[in-house]
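Trainee: I have a model open and would like to learn how to read it. Where do we begin?

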Amino acid sequence: MTRVPWVLAAAASLAASLAAQPKLLINAKLDTRPGTNLQREFQALLTSQPQPAWIMYSVPAVRTYNLGCDYVRDGVATQGVIHLEPPDHVVVSFRVEGNAVTRIRALSPNCEIDAGDVPVHWLTDVQPAESIALLNTYVPQHEFDANGAITAIAMHADPAADAALERFVASDKPDWLRQRTASLLGSARGRRGIEILKNLIANDPSERVRERAISGLSGSREADAPDLLISIARTDKNPKLRAQAMSSLNRKSGPKVVAAFKDAIETDPDAGVRRRAVSALQNMPDGEGIPLLIQMVKTTKDAEVRKQAMNSLGQSHDTRAMAFFEDVLKH
């Protein structure tokens, strides 16, 4: 019973932190107003003067995606703070000019945000579902309109974000929108994102969308993402998808990943897949692929693989590669 007041106080503190404007907001002509009815308040601000202006608010965020500003210093006289984990909320900001939204950004509250001495309308107590509904109305209608709405939706820690992103990858949507969304599903949406991507990879009629879905898996922190990529690399009938899986694996690590590269280089019937596997080895975390590249140079009978492995070793600037070259020159 004695813990209840503490829990309530913690909840109140969290609510207050989400309502407050960013602590590093500078050069802003700031006013604060309630956002409990987001659509009504937003429309009122959209038609108000003066403009240009920014409309901002904060909502709980997924913690699988890093919004930047890992290192922050609050003024030149203070020590910096290194943020080891992504923030637990995101600042959603709309630039308004000529009574229209011209830009949308999802920002870390750890960033110093310079408003450029224009008005900033900060809305408090915004509900995530209302935020997603508002952002849905600004999803780009054209391929080259990258206004940030999709990314902002993906940052929301709310099931409504998953539902919205799943709609964006539906087969009746344009491929450019589906591809852009697939990348965010892997990097931001955790377990649910993996499930949506698995369905796309297995069933989608568009080869380009399936490729982007495989690429999206590279940014996932889910434990089974490497296994899924390895399975695609080894068993998919489409060589383009196997090659994409090879490229996506270069951000993963471990003996299973190295073994998948070795298997592809030695046994895949498609030369493009073999080349992609050799290229990916060079970029593995902590140089994990270097020993296998050296082995390929020593043992493979495929002249093209050997030549590419030599080039990758030279570009790596790894000390083990340099020692290998020195040994080759000596003998």
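Mentor: Begin with one residue. Asparagine 99 is partly exposed, because its relative accessible area is 36%, and partly exposed covers values between 20% and 50%. Keep in mind that this is a predicted model.

Trainee: Where does asparagine 99 lie?

Mentor: In the loop between strand 5 and strand 6. Now look at its backbone. Most residues other than glycine have a negative phi. Asparagine 99 has a phi near 60°, a positive value in a residue other than glycine.

Trainee: What is the phi of aspartate 125?

Mentor: Phi of aspartate 125 is near 60°, again positive in a residue other than glycine. This residue is found in the loop between strand 7 and helix 3. Aspartate 125 counts as partly exposed because its relative accessible area is 43%.

Trainee: What about the peptide bonds?

Mentor: Here too, start from the general rule. Most peptide bonds are trans. Then check the bonds that lead into proline 50 and proline 52. From glutamine 49 to proline 50 the bond is cis, with omega near 0°. Glutamine 51 and proline 52 are also joined by a cis bond, with omega about 10°.

Trainee: Where should I look for these prolines?

Mentor: Go to the loop between helix 2 and strand 2. Proline 50 is found there, and the place of proline 52 is in that loop too.

Trainee: Now the sheet. In what order do the strands run?

Mentor: Read a sheet from one edge to the other. This open sheet has 5 strands in the order 1-7-2-5-6, with mixed pairing. Its edge strands are strand 1 (25-34) and strand 6 (100-107), each of which pairs on one side only. On average, neighbouring strands are turned by 25° against each other, direction ignored.

Trainee: In which sense do strand 5 and strand 6 pair?

Mentor: Antiparallel. Strand 5 (residues 89-97) pairs with strand 6 over 7 bridges. For a landmark, find serine 93, which stands opposite arginine 105 in strand 6.

Trainee: Which helices pack on the sheet?

Mentor: Take helix 2 (residues 38-46). It packs on the sheet and touches strand 1, strand 2 (53-60), strand 5, strand 6 and strand 7 (113-124). The direction of helix 2 makes about 145° with that of strand 7. Helix 3 (residues 128-136) packs on the sheet as well, touching strand 2, strand 5 and strand 6. The direction of helix 3 makes about 135° with that of strand 2.

Trainee: How do I read a helix pair?

Mentor: Take the angle, the distance and the handedness in turn. Helix 12 (residues 271-281) and helix 14 (residues 303-316) pack at about 20°, with their axes 9 Å apart. Angles under 35 degrees count as roughly parallel, so helix 12 and helix 14 are roughly parallel to each other. Their crossing is right-handed.

Trainee: Which residues meet there?

Mentor: Arg275, Val278 and Ser279 in helix 12 meet Val305, Gln308, Ala309 and Ser312 in helix 14. By type, the residues of this contact divide into 3 nonpolar, 3 polar and 1 charged.

Trainee: Is glutamine 308 buried or exposed?

Mentor: Apply the cut-off: buried means under 20% relative accessible area. Glutamine 308 has 18%, so it is buried. This residue lies in helix 14. Leaving aside neighbours within four places in sequence, glutamine 308 is in contact with Arg275, Val278 and Ser279.

Note on methods:
Residues are numbered from 1 along each chain as its sequence is written. This is a predicted model: local features need pLDDT of at least 70, side-chain atom pairs count only at pLDDT 80 or more; totals for chains, interfaces and linings use all residues. Side-chain values use heavy atoms; hydrogens and water are left out. Two strands pair if DSSP finds at least two bridges between them. Helices (H or I, at least four residues) and strands (E, at least two) are DSSP runs, numbered from the N terminus. Axes are lines fitted to C-alpha atoms, for helices over the stretch in contact, and angles run from 0 to 180 degrees between N-to-C directions. Contact means heavy atoms within 4.5 Å. Angles under 35 degrees count as roughly parallel, over 145 as roughly antiparallel, 65 to 115 as roughly perpendicular and the rest as oblique. A crossing is left-handed if the near helix is turned anticlockwise from the far one by less than a right angle, and right-handed if clockwise. Ala, Val, Leu, Ile, Met, Phe, Trp, Tyr, Cys and Pro count as nonpolar, Asp, Glu, Lys and Arg as charged, and the others, Gly among them, as polar. Buried means under 20% relative accessible area, exposed over 50%, partly exposed in between (1.4 Å probe, protein chains only).
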